[in-house]
Amino acid sequence: MKISLNWLKQYVNIENIPLDDLLNKLTLSGLEVEDVYDESSKLKNIVVGFVKEKKKHPNADKLSVCIVSTGNEEFQVVCGAPNVEAGQKVIFAKIGAVIPNGNYTISKAKLRGVESFGMLCSESELELSDDHSGLKILDPSLQEGTPVSDALGLNDVLLEIGITPNRPDALSHYGVARDISAIYDLELKFPEIRISESDQVISKLAEIEIEDTVNCPRYSSRVVTGVKIKESPVWLKESLRKIGLRPISNVVDVTNFVMHELGQPLHAFDLDMLAGRKIIVKSTSVESTFKTLDSKDRKLAPGTLMICDSQKPVAIAGVMGGENSEVSQNTTNILIESAYFNPSGIRKTSKYLSLGTDASYRFERGTDPRGTLLAANRAAQLIAQLGDGQIAKGVIDIYPAIIKDKLITLRISRIEKILGYNVPKESIHQILQRLGIKIQNQSSSELQLSVPPFRPDLEREIDIIEEIARIYGYDNIPTVEKIYSTLAKKYDESAFLDNLKNTAVSLGFYEMINNPLQSAPSASLTGNEIALLNPQSQDMAFLRTSLISGALEVVSRNIKHGEKNLMLFEIGNVFNKNNSDSISSFNDFNEKTKFILIITGNEREKEWNFPQTPFDFYSLKGLVNSFNSKFLLDNVLNDSYYFTQNRIFDYSFDKKIGNDVIGIGGKISQQVLKQFDINQDVYCFEYDVSLLQTALPSGKRHYTDLLKFPKVLRDFAFIFDKSVTYSQVIEHINNSSSGLLKSVKIFDLFESDSLGPDKKSMAFALEFYDIDKTLTEEEIDKEFNKLIVSVSDNFNAKLRGN
């Protein structure tokens, strides 16, 4: 938002405050100054000159040779302007001046044989207007030598201030002045409003009715009659031009001026264009269209708040007026609208229409419901003054349910406890009062505060303490010379997640970050979705139930952009309802942190010395195993394989520790890929981060000496019933063996009708050793044969090869 310092000076005296100090304190107080522009900087060495003498150029018919005085010096200047005459006060650019239009520097020159020591300027050359027909002739009373920036009032400093969404009270010059008055403890002056009313009573000229009081809690109005629509005076046009607005006419310019002065958006209706001279504020019930001031037909959704007359809509409330009631050159009677609209309603309308205006920007953040009448009076006063109109007697102010101040109790001791330093009680009182916060009651220990509605961001005691801190000044926080803290070991909660990310990157994966808000099809694909109460759109109406849907959207988008070979990972939270019922407490849903690896395309591109290799199921399994081994989990987790299709995967596998599933993944089914418009195979694996972290081996890593004695490898194969799983067999072997057996792994799985009905063969490799001695054949045979008997008896299995 652009702020003019000269404009600010009307409300708070900042003449004696150094500019750098003002900028620094505004930024520290939360009104960040993003840019500063000094108007006078582009007019250096350009002054008021007096043309003492004019002579015809000896060598050019269209040039003149002038003697220009700056009060204490005289300069010879060659000028080509047709309107230059002796005795005029003009704009004189000295040698070294930079002309704004063209950005060129004035230097000593010789024109047709005559030396020139400067330049006389037009308005166009100084970018004051587009007029380049001749010199700009100045007021004769101006003193020669006066800087043009002072003579023309172009000595303003313009600030670009970044206003955060929670500070709608600062979206005006008066709002910024309020903060400055609090920071420097200066008097805040409200614009002087003097209303001179005519004998005409407003109730006989206009009528207001509010049907939707929820979205329009207050509507204030003034009527000005006999107005002449004309060009605004210079001071008004310049005020608007400096903050980036284009002057239009006196009435429209006044509404824009008051909005940027007080923060209250206004709208001026041609009263005679309103059917029945009546305003009705109501919401639409069906879809409709409306032509706005920019001559565009806007499609309106049901529930759009509209300003209507007795027959038709005349404005989209809080957003933009209509072409059918706009002020024109024929307008003589003005109805001023100054209303407070529900911020959420205006935000929804503005977003639906993709139409943002200065008015909607303020309304959707929240204006001051108590300031509507003040703004209407201010606008009526200026319109009457600048348009030779008369203000009708009385006002129309409909305010059925008054929005009350918020009452907050502030404990004095709490301030020091939160901030860590003492703020004098007198400073606390001064800050609160300067900010417009009233002290209703007080005691030695607490203050009862009344917070006005123009500060919607102040809701709790902690908000008031923050206000005191920012106005008192963060630079006033005392320096702490010593800080004492215990040297206890601290736990870094993000360390494990960082380790996961670094490990994934080391394996060749790239990180992606997705929106946790998804559409209904994406969220319902992988879980029991949770709907948002007030979604921004249907594409962001549900919380994600898994990372898989978001990852597939990324894969689809990349493939469409030509990136078909992908290795991606993501860490994020997912949300699921515990049952199908509605959520009434935190116990009705769960939130978990998940980690996903996803691959698609080619693992290796075709080269001269090896063929193209696509990613497959074994690629995924190898990457998952490599990932697990980085965390020493390769010998901790058990695998289970599933060859039947489920909701997500054609076939899959999981990693378990005990009965807990650490992660699950596999080949994404073609039906799911089709939903995301993906036409190549995709494989993914999703971990539960909390379970993964729990599975990590306890204690520190330590070095283990190499074996001094040899290992002995044996293997056997059995025919089992198909219902027996390899994990059951391995668990039984481990439980039945002595300490000599160190490892057992499945290395072959075979199914055939030749084995018998519902039979399968599984082969296992066994590894025996003792860290203290070399095992004998007798010891190995005894242990090995005992296991053969145990497996045969326990699973009714038949040893193959016998």
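**Exercise 1. Is Ser-354 buried or exposed?**

Solution. The model is predicted.
- Step 1: locate the residue. Ser-354 sits in the loop between α7 (343-353) and α8 (358-363).
- Step 2: read its accessibility. The relative accessible area of Ser-354 is 66%.
- Step 3: apply the cut-off. Exposed means over 50%, so Ser-354 is exposed.
- Step 4: look at the backbone. Ser-354 has a phi near 50°, which is a positive value in a residue other than glycine.

**Exercise 2. Find the class of Asn-45 from its relative accessibility.**

Solution.
- Step 1: Asn-45 belongs to the loop between β2 (32-38) and β3 (46-56).
- Step 2: its relative accessibility is 41%.
- Step 3: buried requires under 20% and exposed requires over 50%, with partly exposed in between. Asn-45 therefore counts as partly exposed.
- Step 4: the phi of Asn-45 is positive, about 65°, although Asn-45 is not a glycine.

**Exercise 3. Describe the surroundings of Ser-181.**

Solution.
- Step 1: Ser-181 is part of helix α4, which covers residues 173-184.
- Step 2: a relative accessible area of 0% is under 20%, so Ser-181 is buried.
- Step 3: its side chain reaches the backbone oxygen of Arg-178 at 2.7 Å.
- Step 4: set aside residues up to four places away in sequence. Ser-181 then touches Val-12, Leu-186, Leu-188 and Arg-434.

**Exercise 4. Place Gln-433 in the chain and classify it.**

Solution.
- Step 1: Gln-433 lies in helix α11, residues 425-434.
- Step 2: Gln-433 has 52% relative accessibility, which is over 50%, and therefore counts as exposed.
- Step 3: compare sequence with space. Gln-433 and Asp-185 are 248 residues apart along the chain, and their C-alpha atoms are separated by 9.9 Å.

**Exercise 5. Which side chain forms a polar contact with that of Glu-461?**

Solution.
- Step 1: Glu-461 is in helix α12, which spans residues 461-472.
- Step 2: the relative accessible area of Glu-461 is 14%, under the 20% limit, so Glu-461 is buried.
- Step 3: the partner is Arg-411, and the polar contact between the two side chains is 2.6 Å.
- Step 4: beyond four places in sequence, Glu-461 touches Ile-408, Thr-409, Leu-410, Arg-411 and Arg-414. Arg-411 thus appears both in this list and as the polar partner.

**Exercise 6. List contacts of Phe-716.**

Solution.
- Step 1: Phe-716 is in strand β41, residues 712-721.
- Step 2: Phe-716 is buried, with a relative accessible area of 4%.
- Step 3: neighbours within four places in sequence are left aside. Contacts of Phe-716 then include Ile-733, Met-762, Phe-764, Phe-784 and Leu-799.
- Step 4: Leu-799 is 83 residues away from Phe-716 along the chain, with 7.4 Å between the C-alpha atoms.

**Exercise 7. Set the radius of gyration of the protein chain against that of a compact globule.**

Solution.
- Step 1: a compact globule of 802 residues would have a radius of gyration near 28 Å.
- Step 2: the protein chain has 40 Å.
- Step 3: along the principal axes, the C-alpha atoms fill a box of roughly 125 × 75 × 60 Å.
- Step 4: add the secondary structure, which comes to 20 helices and 44 strands.
- Step 5: add burial. Of the 802 residues, 47% count as buried.

Technical notes: Residues numbered from 1 in each chain as written. Predicted model: local features only at pLDDT ≥ 70, side-chain atom pairs only at ≥ 80, totals over all residues. Heavy atoms only, no water. Helix = DSSP H or I, 4+ residues; strand = E, 2+ residues; numbered from the N terminus. Buried < 20%, exposed > 50% of the residue type's maximum accessible area, 1.4 Å probe, protein only. Polar contact = N/O pair within 3.5 Å; in protein donor to acceptor, adjacent residues only side chain to side chain. Contact = heavy atoms within 4.5 Å. Rg over C-alpha atoms; globule rule 2.2 N^0.38 Å.
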